[in-house]
Amino acid sequence: MPFIFEKMLKMRIVVSKILFLCITSIALLGCLKNDLPYPTVELKFLSMAAEGEVSAAVIDDANRNVTLNMGESVDLTKVNILTYTVTEGAELSATITGGINLTNPFGVTLSLYQDYFWTITAQQIITRYFTVVGQVGESIIDVPGKRAIAYVSKNSDLANIMVTSLKLGPEDITVSTPNVENKTIDCSNGPVTIDVSYLDKTEKWSLYVLITDVSVDVSAVDAWTNVMWAYGTAEEGKDNGFEYRKAGTSTWNKVPASWLIVDGGTFKACIRHLEANTEYEVRAYSGELYSAVVSTETGGYFEIPNGSFDNWWLDGKIWCPWTEGGTPFWGTGNKGATTLGDSNTFPSSDTWDGGAGFSAQLDTRFVGIATVGKLAAGNMFSGDYKKTDGTNGILDFGRRCSVRPTRMKGYWKYKCEPISHTSTEYAHLKGQPDTANVYIALTDWTMPFEIRTNPKNRNLFDKNADYVIAYGGVESGKSIDEWTEFTVELEYRDTHRVPTYILIVSSASKYGDFFTGGSGSTLMIDNYRLEWDYE
């Protein structure tokens, strides 16, 4: 009996263990979940168009923002978005086609495996002006204070001021009551008040006309290297202009009328053919009256280091466009290209003048094995290649420079191939001719600008950004069989700001930052140099 009892006890224990394991297994099965990670797909707006926009939408991937540049007459409370495209598969949290209110940023979430919050903003610049007969200098348009102020000479009759132009709201839809344009107003007892109505709202504006004791004045002089820009104010309709001379000389040189730009009571001139690093004096005149003399000094030159592309050295597989042990000015994508292949920017003995030395050859090619890899655009830029992020690059754009050239010249040849590889956003370009591009920019960065080509945190140069002082570029969407000189004219946003960095970029494939281009496209460049004067 004890034996039987012991055996039965052991069987109970075994059964209990089995039951426990079964219950535990069922519980665990109930807790099982899919731990396989969802793929990470960054969701973006690829394009957007709205009714009444004056230029293409600006899509900022890094900050996930779309900016629409709207015309003056568009009602920002009812912006009609006509079309948009997003990353394939993305769903929107809100309807954006039709009229949406963009007086404040409009938020929308793109969803697939993850959520990405984007904002849509509208930018609208309304040009306003108020001018009168005999005006001295520019008017002041105080939008927050709803004031427009014009200045006239001390001989003017404030009781009979002729208004020559008035626009204080959006074009074509603004009504001013009373209508004072091309009529006289009496400002002897203070401002004239008018109603300015547009888009179902009415604003009260005050028109001031004030006496100034300054008959003629030099408001600013911006000295570059071989040119300087002078700005003046005087009474409208007078014989207004500038004179200049080298400091220490006695003869004043009158600025030719062809160099002058007159706008009512303001005028400016680009004074040319000056000497570098030299002090000059400028004065404005209005009839027989002269302003005080303003002194300024022109700047020096900046020679593009290795602009001839004659200096190279080979660091393992990486071709470097500077002398070994020297200070680099140019950077390339060779560090990235050589992770799966050879340098695709390298020296060539085919030079622009057939002489000794080298040019730079920039090849676009698919780098990898079979279908594993990426398109690498042949490129060269002023700056440094910092590191490779997976199969993407991180670069530092720009080199220190504080002078203001007027243009850049160089020579190029180009073999254009059809676009063979594209990113998602440029898939529509496949089969079209590739495009070579060269551009130069002057900026006021405080440090080199970090470029990231990884779509997850992409950050690219924007020629329209506020940090750009001057920009110019050339492109070719067809082959250039012989060495050909090109000229890049720099367009300055203003003449006052002094740059801190110069950026020069050359690429065999314009959309190489997006791994889009034609394998086999080849850009050859040589003899880059800056010029400092205007014709």
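Reader: Which residue stands opposite Ile-161?

Author: In this predicted model, Ile-161 faces Ile-185 of strand S14.

Reader: What makes S12 and S14 a pair of strands?

Author: Pairing requires at least two bridges between the strands. Strand S12 (residues 161-167) and S14 have two bridges, so they count as a pair, and the sense is antiparallel.

Reader: Why are S9 and S14 called edge strands?

Author: The open sheet of three strands runs in the order S9-S12-S14, with antiparallel pairing. Strand S9 (129-132) and strand S14 (184-185) each pair on one side only; pairing needs at least two bridges, and therefore these two are the edge strands.

Reader: How do you know whether the protein has the radius of gyration of a compact globule?

Author: The globule rule is 2.2 Å times the number of residues to the power 0.38. For 535 residues a compact globule would come near 24 Å, but the protein has 33 Å, so the protein does not match the value for a compact globule. Its C-alpha atoms fill a box of roughly 135 × 70 × 45 Å along the principal axes.

Reader: What makes a residue buried, and what share of the protein is buried?

Author: A residue is buried if its relative accessible area is under 20%. Buried residues make up 46% of the 535 residues.

Reader: How is the lining of the second largest pocket divided by class?

Author: Its 20 lining residues comprise six nonpolar, seven polar and seven charged residues. Among those nearest the centre, Pro-455 counts as nonpolar, whereas Glu-425 and Arg-458 count as charged, because the classes go by residue type.

Methods
Residues numbered from 1 in each chain as written. Predicted model: local features only at pLDDT ≥ 70, side-chain atom pairs only at ≥ 80, totals over all residues. Heavy atoms only, no water. 1 Å grid on protein atoms, 1.4 Å probe; cavity = no way out; pocket = protein on both sides within 12 Å on 5 of 7 lines; lining within 4 Å. Helix = DSSP H or I, 4+ residues; strand = E, 2+ residues; numbered from the N terminus. Buried < 20%, exposed > 50% of the residue type's maximum accessible area, 1.4 Å probe, protein only.
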